[in-house]
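Good morning. Please have the sequence and the structure open, and I will go through a few places in turn.

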Amino acid sequence: DPALTLRLLQEARAAAQLEHPAIVRVIDFGKTAAQEPFIVMEPLVGEDLASHIEIQGRLSPKTAVRLLLPIAHGLATAHAKGIVHRDVKPENVFLHRRDGGGLQPKLVDFGVAKLERDDQQRITQLGSTLGSPAYMSPEQARGRDVDARADVWSFAVLLYESLTTMMPFDGAVYGEL
């Protein structure tokens, strides 16, 4: 599917531009001889934050800051390069177990990232909604053009959920949320 190929390669381009310990490292990307797209990323061992919270329960404030502050810094690095992640959520924060112990949080899945491009081409049309509804800023949920503030909103929802195991907003259907 050409649209999925474009999105996969966009993810690779976005992540490959970012060198930050809290962002998954892209080693290579492209297309095979058969024109199939691929991404090679650093190997990670551990679990995503959603699984961690499901098993361990809410994070203490100290643990939340220790695990999520690097993600906030990684987002700031992405924003400085004109990249908006647009899907910050616990499933996209991976808690990598480093050799010798310790956790290194990693932001993953730049598949719906918005890149400020020199040629001003858009992969995503305005008015389309991409991301996970419970974590979307109101502007993103309405399909409006978003900037780094959308990731700040999502990060705040992520932090709230990490501390409470609840969502700050709820609704039976998308429109209510």
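Trp153, Phe169 and Leu177 together make a nonpolar patch on the surface, of about 260 Å². Keep in mind that this is a predicted model. Of the three names, take Leu177, which sits in the segment after α5 (148-164). Is Leu177 buried or exposed? Leu177 has a relative accessible area of 37%, so it counts as partly exposed, because that class runs between the 20% limit for buried and the 50% limit for exposed.

Now to helix α5, where Ser154 is found. The relative accessible area of Ser154 is 2%, so Ser154 is buried; the cut-off for that is under 20%. What does Ser154 touch, if we leave aside its neighbours within four places in sequence? Its contacts are Val88, Tyr135 and Met136.

Next, helix α1. Just at its start, the backbone nitrogen of Ala3 has a side-chain oxygen of Asp1 within 2.8 Å. How far apart should the ends of this helix be? Helix α1 covers residues 2-16, which is 15 residues, and at 1.5 Å a residue it should span 21 Å. The C-alpha atoms at its ends are 21 Å apart in the model, so the two agree.

Which residues of α1 are buried? They are Thr5, Leu9, Gln10, Glu11, Ala12, Ala14 and Ala15. An α-helix has 3.6 residues a turn, so residues three or four places apart point the same way. As for partners, the buried residues of α1 pack against four strands: β1 (26-31), β2 (37-41), β4 (83-84) and β7 (114-115).

How values were computed
Residues numbered from 1 in each chain as written. Predicted model: local features only at pLDDT ≥ 70, side-chain atom pairs only at ≥ 80, totals over all residues. Heavy atoms only, no water. Patch = residues over 30% accessible without salt bridge, like charges linked within 9 Å, V, L, I, M, F, W, Y side chains within 5 Å. Areas by Shrake-Rupley, 256 points an atom, 1.4 Å probe, with all protein chains shown as cover. Salt bridge = Lys/Arg side-chain N within 4 Å of Asp/Glu carboxyl O. Helix = DSSP H or I, 4+ residues; strand = E, 2+ residues; numbered from the N terminus. Buried < 20%, exposed > 50% of the residue type's maximum accessible area, 1.4 Å probe, protein only. Expected span 1.5 Å × (residues − 1). Contact = heavy atoms within 4.5 Å. Polar contact = N/O pair within 3.5 Å; in protein donor to acceptor, adjacent residues only side chain to side chain.
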